[in-house]
Amino acid sequence: MTGLAQARVLVIGCGGLAASATRALVEAGLRALTLVDDDRVDLSNLHRQTLFRTEDLGRSKVEAAAEALRALPRPHAAPVQVETRTTRFLPDNAETLLAGHDLVIDGTDNLASKFLIADAARLARIPAVHGGVVRWTGWALASAASQGPCMRCVFEDLPAGRVETCAGAGVGGAPQAASASSANADTRKAARGARGRRRGMRMEQGSSTRRRPPQPCGGFGSVPSR
Ligand SMILES: [Zn+2]
C-alpha cells in the first residue's frame, strides 16, 4: 500500500462509481484526493451514490462527498486530505485541474468528458482509470502515464448516432459495483506503478461503444479532444 499512501488522486465526477471507488481507496490509506463536480445531490442519486445521505439533498456533491470521506475510519493512516473543485472538467481547465496529481479517476457520466480526460491525462503523462455504467453494462479501463493504450486507442472516438447515457437509461447496482471494484483495483495497481512501470490494461463487461484491440499509443489518439 506504499503507492496509495503517497498518491494524490484527482476524481472527476462524484457519482456512484466515484463513491464506491473513493470510499475503498480512502479506507485503504490513500493520502490525498481532489474531487471535481459541479452538481448538487438529488433524491434520484441516493440509492447508488453511497457517500450521500438524505440530509445532503441540495448540497454541493463535492462538499458532501468530501465530508463523508474525511469521516471514514483510517486506523493505520493519517487523516485523508480532500480538496474540492466545484466545476466541470473542460478543455479550458483540464491542465490546471490535473496539475499536481499522480493519477486521475474518471467517474463522469458521458463519453465526451471521458475522451477529454483520456487525452488530457495522456498529454500530462498521468495514469487514468475510467469507469462507466449504463443500464446493466459496466466497464473499466486503466491507462498508464505514457506507455500502452489509452481510452482513445481502444474506443477511437465518440460513436456516431445516439448513445444511451446513465441519465436516460438508468444504472444497475450490480454492474456499478463491479465497475467500481475494477476501477479501485486498477487505481491501486496504477499507484504502485505511478513512476512508469505499468502497462495499459482493461476489464470490460460488455460495451455499447465501438472498440478495437489495444494498440500502441504514440502519445494520444489520432483525434484528440477539441
Ligand atoms: Zn492512445
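So, eight helices and seven strands: that is what the chain has, and please keep in mind that this is a predicted model. Of its 226 residues, 45% count as buried. If you look at contacts between residues at least 6 apart in sequence, 75% of them join residues at least 24 apart.

Let's go inside. Which residues touch the most other members of the largest nonpolar core? That core has 59 residues, and the answer is Val11, Leu35, Val104 and Ile117. As general background, nonpolar side chains in soluble globular proteins tend to be buried together.

Take Val11 from that group. Setting aside residues up to four places away in sequence, Val11 touches Ala18 and Thr22, then the run Leu33, Thr34, Leu35 and Val36, and finally Ile105 and Gly107.

Now move along to Ile12, which sits in strand 1, residues 8-12. Is Ile12 buried or exposed? Ile12 is buried, because 28 other C-beta atoms lie within 10 Å, and the cut-off for that is 20 or more. Beyond its neighbours within four places in sequence, Ile12 is in contact with Val36, Phe89, Val104, Asp106, Gly107, Thr108 and Ile117. Two of the core residues I just named, Val104 and Ile117, are on that list. Asp106 is worth a click in your viewer: Ile12 and Asp106 are 94 residues apart in sequence, yet their C-alpha atoms are 5.2 Å apart in space.

Next, Leu35, another of those core residues. Its bridge partner in strand 3 is Thr84. The chain gets from strand 2 to strand 3 by way of helix 3, and this β-α-β crossover is right-handed. Strands 2 and 3 run parallel and are joined by five bridges.

What about the helix in that crossover? Helix 3 covers residues 61-70, and its buried residues are Lys61, Val62, Ala64, Ala65, Ala66 and Leu69. Yes, a lysine is in that list. And what covers these buried residues of helix 3? The cover includes helix 2 (16-27), along with strand 2 (32-36) and strand 3 (81-85), so the two strands that the crossover links are part of it.

One last stop, further down the chain: Cys150. You'll find Cys150 in the loop between strand 6 (137-143) and helix 6 (151-155). Why does this loop residue count as buried? Because Cys150 has 28 other C-beta atoms within 10 Å. Cys150 and Asp119 are 31 residues apart in sequence, and 8.2 Å separates them in space, C-alpha to C-alpha.

That's my tour, thanks everyone!

Notes. Residues are numbered from 1 along each chain as its sequence is written. This is a predicted model: local features need pLDDT of at least 70, side-chain atom pairs count only at pLDDT 80 or more; totals for chains, interfaces and linings use all residues. Helices (H or I, at least four residues) and strands (E, at least two) are DSSP runs, numbered from the N terminus. A residue is buried if 20 or more other C-beta atoms lie within 10 Å of its own, exposed if 12 or fewer, and partly exposed in between; C-beta atoms are placed from the backbone. Two residues are in contact if their C-beta atoms, placed from the backbone, lie within 7 Å. A nonpolar core is a set of buried Ala, Val, Leu, Ile, Met, Phe, Trp, Tyr and Cys residues joined through C-beta atoms within 7 Å. Two strands pair if DSSP finds at least two bridges between them. A crossover is right-handed if, with the strands pointing away from the viewer, the path from the first strand over the helix to the second runs clockwise.
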